[in-house]
Amino acid sequence: MAEHHEHEEVKGESLLEKIGKIHDHDSSSSSDSDNDKTSATDSFKSNVFRLFGREKPIHHVLGGGKPADVFLWRNKKISASTLGVATAIWVLFELLEYHLLTLVCHFLILALAGLFLWSNASTFINKSPPKIPQVHIPEEPVLKFASALRIEINRAFAVLRDIASGRDLKKFLSVIAGLWVFSILGCWANFLTLFYIAFVLLHTVPVLYEKYEDHVDSFGEKAIAEIKKQYAVFDAKVLSKIPRGPLKDKKKD
């Protein structure tokens, strides 16, 4: 009887081991299938059309780091406070028609008067005078900013020279159209309003695009295809009939 009981226990254990192995095999196969699905989804996403040929996430396109976090509202308090300060400045100068020099002078008057009175009154109220920090502008960041600005200005001059040379008609027409649009916007609003609109767009368009990225890219693909189609028709009927002389590059011996 004891031997028969032990034999039944061995059978039960072997049956449980088989069930466990089957379960492990099913879970591993299901995980493998999930991984295959994930890899297939990733490969599908990698083949999806992205605006302007973008191959990186929008966070990397914006430069990464803290500025991109602010534009994409990673920290809602910082983004909201930044947008609020910009709105307050725009309301102060545009709607209330406050002038920058007047604002700076009034702020300095209040700050200097408050610190002066606090420093002299500290002896009478038995409190320590205010600790006014020494502010120094470091040299290295200023030089880096000036160097980066110089590089960008030289690059802009090189682009303008290339456009004015008459080698690329498509680029010339696009730049002329862009400048014409900016001139119209300049007639409608001043520089501060345009800067505020651009600032608001930087804090709204990227985060909305990141949220509805697939829908926007799908619509953009169709729009770009239609624009290319219309440009091909315009090129065949108009641009190709414009007489252009051959460009001769003079080489110095």
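Let me start with the outward side of helix α4, where Lys77, Val85 and Leu95 are exposed. Keep in mind throughout that this is a predicted model.

Now turn the helix around. Which residues of α4 are buried? They are Ser79, Leu83, Ala86, Trp90 and Phe93. These five cover an arc of only 105° around the axis, so they sit on the same side of α4. The exposed residues I began with are on the other side.

What lies over the buried residues of α4? The cover includes α3, residues 65-71, then α5, residues 100-121, and α8, residues 191-211.

A word on the helix itself. α4 runs over residues 76-95, which makes 20 residues. From its first C-alpha to its last it reaches 27 Å, and the expected value at 1.5 Å a residue is 28 Å, so the two are close.

We can run the same check on another helix. α7, residues 169-188, also has 20 residues. It should span 28 Å, and its end C-alpha atoms are 29 Å apart, which agrees.

Back to α4, and to one residue in it, Ser79. Is Ser79 buried or exposed? Its relative accessible area is 0%, and since anything under 20% is called buried, Ser79 is buried. Its side chain reaches the backbone oxygen of Val70, at 2.7 Å. Leaving aside residues up to four places away in sequence, Ser79 touches Asp69, Val70, Trp73 and His203.

One of those neighbours, Trp73, deserves a look of its own. Trp73 is in the loop between α3 and α4. Its phi is positive, about 60°, although Trp73 is not a glycine. With a relative accessibility of 26%, Trp73 counts as partly exposed.

At the other end of α4 there is a similar item to note. The helix is followed by Glu97, which lies in the loop between α4 and α5. Phi of Glu97 is near 55°, again a positive value in a residue other than glycine. Glu97 has 63% relative accessibility, and because the limit for exposed is over 50%, it counts as exposed.

Next, the nonpolar core. Which residues make up the largest one? There are five: Leu83, Ala86, Trp90, Tyr196 and Phe199. Helices α4 and α8 each supply at least two of them. The largest share, three residues, comes from α4. You have already met Leu83, Ala86 and Trp90 among the buried residues of that helix. As for Phe199, it touches Thr82, Leu83 and Ala86, again not counting residues up to four places away in sequence.

Now to the stretch between α6 and α7. Ser165 lies in that loop, after α6, which covers residues 139-164. A polar atom of the Ser165 side chain is 2.6 Å from the backbone oxygen of Asp162. Ser165 has 35% relative accessibility and counts as partly exposed. At the start of α7, a side-chain oxygen of Asp168 comes to within 3.2 Å of the backbone nitrogen of Lys170.

On to cysteines. A disulfide is a covalent bond between the sulfur atoms of two cysteines. How many disulfides does a search of the whole structure find? It finds zero. Two cysteines can still be placed by their accessibility. Cys105 has a relative accessible area of 37%, so it is partly exposed. Cys187 has 68%, so it is exposed.

Last, the whole chain. The protein chain has nine helices and zero strands. Read along the sequence, the pattern is therefore α-α-α-α-α-α-α-α-α. How much of the chain counts as buried? The figure is 11% of its 253 residues. Then the contacts. Taking those in the chain with a separation of 6 or more, 56% are between residues 24 or more positions apart.

To return to where I began: α4 has exposed residues on one side, including Lys77, and buried ones on the other, including Ser79. It also gives three residues to the largest nonpolar core. That is what I have on this model.

Note on methods
Residues numbered from 1 in each chain as written. Predicted model: local features only at pLDDT ≥ 70, side-chain atom pairs only at ≥ 80, totals over all residues. Heavy atoms only, no water. Helix = DSSP H or I, 4+ residues; strand = E, 2+ residues; numbered from the N terminus. Buried < 20%, exposed > 50% of the residue type's maximum accessible area, 1.4 Å probe, protein only. Arc of directions from axis to C-beta. Contact = heavy atoms within 4.5 Å. Polar contact = N/O pair within 3.5 Å; in protein donor to acceptor, adjacent residues only side chain to side chain. Disulfide = S-S within 2.5 Å. Core = buried A, V, L, I, M, F, W, Y, C linked by side-chain atoms within 4.5 Å.
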